[in-house]
Amino acid sequence: MENFFLDNTDRQILAYLTEDARLSLKVLSGKIGLSSPSTAERIRRLEERGIIEGYGARVNLPAVGYGMQALVRVKPLPGMLHKVEKMIQAMPECIECDKVTGEDCFVMRLAFHSIGQLDDLLDGLADYAQSNTSIVKSSPVKRRLPPL
């Protein structure tokens with residue numbers, strides 16, 4: 001397996017880009033104390049090693065009409081694991097899903113407009129899986145990097 005050791009400069013680059021992926025090379029270079037070409041080379045290496053997988057915008061879901069979210073634990077009925085996995089993958093309101101150990105097989109995060117829409121989404125799974133739903137009240141910790 002490839003060595004994914006990160007030095008302090010790599011850690012700084014990841015921290016700054018995670019906070020604001022639109023930082024210019026010039027500004028980022030100034031923050032970490034390297035030249036722009038050296039910073040660009042480090043970023044290129046982090047991308048090649050698969051440490052930086054991509055860049056994207058953080059979208060405010062309520063601002064685009066998705067005012068509610070739920071965490072749903074899903075336990076497929078016998079013989080339905082692959083069908084349920086494909087159904088979850090095809091559900092555009094599923095913004096994240098993990099395959100997990102334990103009683104349930106999947107934990108997914110849904111974004112939706114109303115309780116009625118949530119009912120419709122879950123009704124689509126009802127013939128193939130059991131589910132347990134928790135409505136998200138708030139997110140005191142947003143997705144973030146663990147200590148590097």
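The largest pocket has a volume of about 1700 Å³. A pocket here is an open set of points, on a 1 Å grid over the protein atoms alone, where a 1.4 Å probe fits, with protein on both sides within 12 Å along at least five of seven lines; lining residues have an atom within 4 Å of a point. The volume is the space filled by probe spheres set on the points, which are joined across faces, edges and corners. Of the 43 lining residues, A57, R58, K142, R143 and R144 are the closest to the centre of the pocket. The elements giving two or more residues to this lining are α1, β1 (68-76), β2 (94-99) and β3 (106-112). Helix α1 gives the most, with five residues. Helices (H or I, at least four residues) and strands (E, at least two) are DSSP runs, numbered from the N terminus. By residue class the lining of the largest pocket divides into 23 nonpolar, eight polar and twelve charged. Ala, Val, Leu, Ile, Met, Phe, Trp, Tyr, Cys and Pro count as nonpolar, Asp, Glu, Lys and Arg as charged, and the others, Gly among them, as polar.

The model is predicted: local features need pLDDT of at least 70 and side-chain atom pairs count only at pLDDT 80 or more, while totals for chains, interfaces and linings use all residues. Residues are numbered from 1 along each chain as its sequence is written, and side-chain values use heavy atoms, with hydrogens and water left out.

Four residues in helices are listed below. Buried means under 20% relative accessible area, exposed over 50%, and partly exposed in between (1.4 Å probe, protein chains only).

| Residue | Helix | Relative accessible area | Class |
|---|---|---|---|
| D10 | α1 (residues 8-19) | 7% | buried |
| R11 | α1 | 28% | partly exposed |
| I43 | α3 (residues 36-48) | 11% | buried |
| I88 | α4 (residues 81-89) | 4% | buried |

Contact means heavy atoms within 4.5 Å. Leaving aside neighbours within four places in sequence, D10 is in contact with R42, L46 and R49. With the same neighbours left out, I43 touches I13, L17, L25, L28, I52 and Y55. D10 and I43 are 33 residues apart along the chain, and their C-alpha atoms are separated by 8.2 Å.

R11, beyond its neighbours within four places in sequence, is in contact with L6 and L148. From R11 to P147 there are 136 residues in sequence, and the C-alpha to C-alpha distance is 9.1 Å.

For I88, the contacts outside four places in sequence are C94, C97, F106 and M108. I88 and L118 are 30 residues apart in sequence and 14 Å apart in space, C-alpha to C-alpha.

On the aromatic side, K83 lies over the face of Y128, at 4.8 Å from the ring centre. A charge sits over a ring if NZ of Lys or CZ of Arg is within 6 Å of the ring centre and within 35 degrees of the ring normal. The count of aromatic pairs is zero. Rings of Phe, Tyr and Trp (its six-membered ring) pair if their centres lie within 6.5 Å; planes under 30 degrees apart count as stacked, over 60 as edge-to-face and the rest as tilted.
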